[in-house]
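Reader: I would like a close look at a single part of this model, set out carefully and with the cut-offs behind each term. Please then connect that part to the rest of the chain.

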Amino acid sequence: MPVYNHNSLIRYRWNRKMQIMKSSYSRNVVATVSVACELNLRDINNRTRNSEYTPSRFHGVVMRMRDPRCTALIFRTGKIICTGARNEVEASLGARKFARILQKLGYPVKFTDYRLQNIVATVDLRFPIRLENLNQVHGQFSSYEPELFPGLIYRMVKPRMVLLIFVNGKIVFTGGKAKKDILECLNLIYPILLSFRKN
């Protein structure tokens with residue numbers, strides 16, 4: 001890092017933080033929806049492509065879609081879990097398309113109770129972190145057992161999320177309900193991690 005005066009150092013850190021925030025991206029979005037009717041899973045499996053139903057292994061139909069690329073777990077009660085979407089828009093579109101497929105099969109579908117359950121995102125801070133020291137100082141929020149798992153598990157209180165922080169500066173955010181939760185969490189954790197940066 002070049003030599004900076006105080007104001008330019010603050011500006012440099014702020015610009016660096018904004019670059020990191022822009023580079024964060026969702027890996028997986030999980031959403032649930034109810035179609036408000038009972039479903040015949042064997043019938044759905046027989047009449048659709050890209051679906052599988054093995055009741056001895058799993059009590060739901062697994063249906064896959066290419067655009068947007070996501071998977072639905074469809075249950076007899078009418079509940080659908082849509083997983084694998086890259087962002088909130090794809091999760092909503094995927095859930096609606098799965099409901100539409102069921103509607104075309106003749107089920108009286110109503111798209112109700114749509115909810116984002118979990119967003120998993122990754123960020124690369126591009127600097128190494130002293131996890132042992134971070135765990136000593138923030139022990140009430142973190143656990144670090146390198147013999148069992150290479151990352152430090154950090155439990156944020158608000159927003160309520162779990163972070164997996166690795167020594168190379170990569171972070172996995174889990175438990176977010178919206179992209180703003182992840183950005184808020186990153187805003188809070190970034191200065192802490194910067195103070196535990198390896199030289």
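Author: The part to begin with is Arginine 66, which lies in the loop between β3 (61-65) and β4 (70-74), where strands (E, at least two residues) and helices (H or I, at least four) are DSSP runs numbered from the N terminus. This is a predicted model, in which local features need pLDDT of at least 70 and side-chain atom pairs count only at pLDDT 80 or more, while totals for chains, interfaces and linings use all residues. Residues are numbered from 1 along each chain as its sequence is written, and side-chain values use heavy atoms, with hydrogens and water left out.

Arginine 66 is exposed, because its relative accessible area is 74%, and exposed means over 50%, buried under 20% and partly exposed in between (1.4 Å probe, protein chains only). On the surface, Arg66 joins Arg27, Arg49, Arg69 and Arg86 in a patch of positive charge; such a patch takes residues with over 30% relative accessible area and no salt bridge, like charges being joined within 9 Å. A salt bridge here would be a side-chain nitrogen of Lys or Arg within 4 Å of a carboxyl oxygen of Asp or Glu, and the place of an Arg charge is taken as CZ.

Leucine 125 also lies in a loop, between β6 (112-124) and α4 (131-137), but leucine 125 counts as buried, at 0% relative accessibility. Its C-alpha atom is separated by 6.1 Å from that of lysine 170, 45 residues apart along the chain.

For the chain of 199 residues, buried residues make up 40%, and the secondary structure comes to 5 helices and 10 strands.

Technical notes: Patch = residues over 30% accessible without salt bridge, like charges linked within 9 Å, V, L, I, M, F, W, Y side chains within 5 Å. Areas by Shrake-Rupley, 256 points an atom, 1.4 Å probe, with all protein chains shown as cover. Lys, Arg positive; Asp, Glu negative; His and termini not counted.
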